[in-house]
Amino acid sequence: MTKSSDENPTLPKYLKEDDLGQECKDLIQTLPLVEGWIDPTFHEYQGFWFAPKILQGALSFQKHFQAIDTDIILVTNPKSGTTWLKALTFALINRNKYPNIHKNHPLLTSNPHVLVPFMEINLYYETDIVPELNSLSPPRIFSTHNPYVLLPKSLKESNCKVVYLCRDPKDTFVSLWHFSNKLREQSRGTLPLEEAFESFCRGTTSYGPFWDHVLGYWKESLERPEKVMFLKYEEMKMKPNFVLKEIAKFLGCPFSEEEESNGVVDDILHLCSFEKLSNLEINKNGKISSEIENKNFFRLGKVGDWKNLLTTKMVEQLNIVVEEKFGKHGLSF
Ligand code: PAP
């Protein structure tokens with residue numbers, strides 16, 4: 001097991017765990033543990049794996065967040081298209097506030113993760129600090145990677161909307177592996193592909209198991225389609241115009257015929273496209289608060305990159321797991 005990284009002062013913030021509260025320290029002592037991908041350790045809590053600071057944030061979010069009916073919560077497994085969904089939803093909801101999309105739009109100067117913060121990573125991250133969110137004007141847009149079981153009660157019970165985006169596990173895995181390696185450069189070096197793959201199949205990824213995460217929201221979307229919208233990255237790539245209009249309807253702000261004929265849908269899609277966002281100065285050279293470089297959220301943005309990395313044996317193995325986990329639930333990729 002790799003040693004705690006707190007001792008090295010030159011490490012970026014995302015690798016430091018020095019401000020972990022006593023309560024969380026005590027809790028993680030009692031939990032099963034495995035080696036982490038980016039953080040040294042992952043701990044299993046209620047069937048899901050978390051890095052210590054993420055678990056602290058997830059529990060604080062669960063305990064303290066008070067949802068209101070107008071809230072919009074974007075949920076993903078890591079590397080399933082979070083950045084894209086944040087950009088699209090922000091642009092969609094604020095389309096009247098920033099009509100001049102090509103000039104003064106916040107997405108031109110801020111990374112989507114800054115405009116739509118993560119609950120457990122940004123807002124509820126610090127020990128004992130509960131953020132003041134009541135003054136934010138509605139609709140408030142937040143995001144989380146938390147599994148469904150760990151969502152706050154008020155979020156589940158209120159009429160707020162949840163948009164869940166998932167992605168083919170093969171591409172999610174590949175994206176996660178590349179991202180983890182970037183973030184490990186300064187600490188532990190490259191995570192061997194085979195090791196990462198076995199870990200992904202066992203479910204020991206951040207917020208994993210991947211399948212249980214997806215199924216939690218899939219089931220909820222079937223039971224309460226007015227509450228949880230279930231999206232797939234691949235469909236968004238294939239039919240972006242259609243999916244964006246569906247999201248707008250689901251969130252109660254459908255595009256008018258006039259907006260459609262004025263090209264508002266296409267303008268939003270263009271602004272939020274991989275090509276546009278990844279080439280902005282802020283996303284080429286900026287960093288988010290955890291000191292992760294923005295460029296790490298924009299690698300390739302394509303469907304099917306797994307073909308360039310996974311062996312035939314790996315693909316077969318993953319296909320079997322996927323069929324085993326999702327087949328009986330009518331979910332496929
Ligand atoms: P996160 O969960 O850590 O926030 P997330 O945004 O889900 O990360 O993952 C990044 C992936 O989304 C990258 O995929 P890749 O590694 O296969 O390339 C990234 O390229 C992709 N991505 C980021 N922005 C966009 C976008 N605007 N359109 C499509 N894909 C995007």
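Here is a short chat about how some labels in this predicted model are earned.

User: Why is P192 called partly exposed?
Analyst: P192 has 38% relative accessibility. Buried would need under 20% and exposed over 50%, so P192 lands in between and counts as partly exposed. As for where P192 sits, that's the loop between helix 7 (169-184) and helix 8 (193-202).

User: And what makes A58 buried?
Analyst: Its relative accessible area is 0%. The cut-off is under 20%, so A58 is buried. A58 belongs to helix 2 (residues 52-64). Leaving aside neighbours within four places in sequence, A58 is in contact with F50, E120 and N146.

User: T204 lies in a loop, so how do you know that T204 is buried?
Analyst: By the number again: T204 has a relative accessible area of 7%, and buried means under 20%, therefore T204 qualifies. The loop in question runs between helix 8 and helix 9 (210-223). Not counting residues up to four places away in sequence, T204 touches V34, W37, F42, W49 and S199.

User: What makes the pairing of T204 with S199 a polar contact?
Analyst: The two side chains make that contact at 2.8 Å. The limit for such a pair of N or O atoms is 3.5 Å, so the distance fits.

User: Why are helix 8 and helix 16 called roughly parallel?
Analyst: Their axes cross at roughly 10 degrees. Angles under 35 degrees count as roughly parallel, so that's the label for helix 8 and helix 16. Two packed helices are described by the distance between the axes as well as the angle. Here the axes come within 11 Å. On the helix 8 side, the contact is made by L193, E194, F197, E198, F200 and C201; helix 16 (residues 312-326) brings M314, Q317 and L318.

User: What makes two residues of that contact charged?
Analyst: Glu is on the charged list, so E194 and E198 of helix 8 fit that class. The full split is six nonpolar, one polar and two charged.

User: How do you know that H145 is within polar-contact range of the ligand?
Analyst: An N or O atom in the side chain of H145 is 3.4 Å from a ligand oxygen atom, and the cut-off is within 3.5 Å, so H145 makes it. Ligand nitrogen atoms have partners too: a polar side-chain atom of Y233 lies 2.7 Å from one, and a backbone N or O atom of C272 lies 2.8 Å from a nitrogen atom of the ligand.

Terms used: Residues are numbered from 1 along each chain as its sequence is written. This is a predicted model: local features need pLDDT of at least 70, side-chain atom pairs count only at pLDDT 80 or more; totals for chains, interfaces and linings use all residues. Side-chain values use heavy atoms; hydrogens and water are left out. Helices (H or I, at least four residues) and strands (E, at least two) are DSSP runs, numbered from the N terminus. Buried means under 20% relative accessible area, exposed over 50%, partly exposed in between (1.4 Å probe, protein chains only). Axes are lines fitted to C-alpha atoms, for helices over the stretch in contact, and angles run from 0 to 180 degrees between N-to-C directions. Angles under 35 degrees count as roughly parallel, over 145 as roughly antiparallel, 65 to 115 as roughly perpendicular and the rest as oblique. Contact means heavy atoms within 4.5 Å. A polar contact is a pair of N or O atoms within 3.5 Å; within protein, one must be able to donate a hydrogen and the other to accept it, and residues adjacent in sequence count only if both atoms are side-chain atoms.
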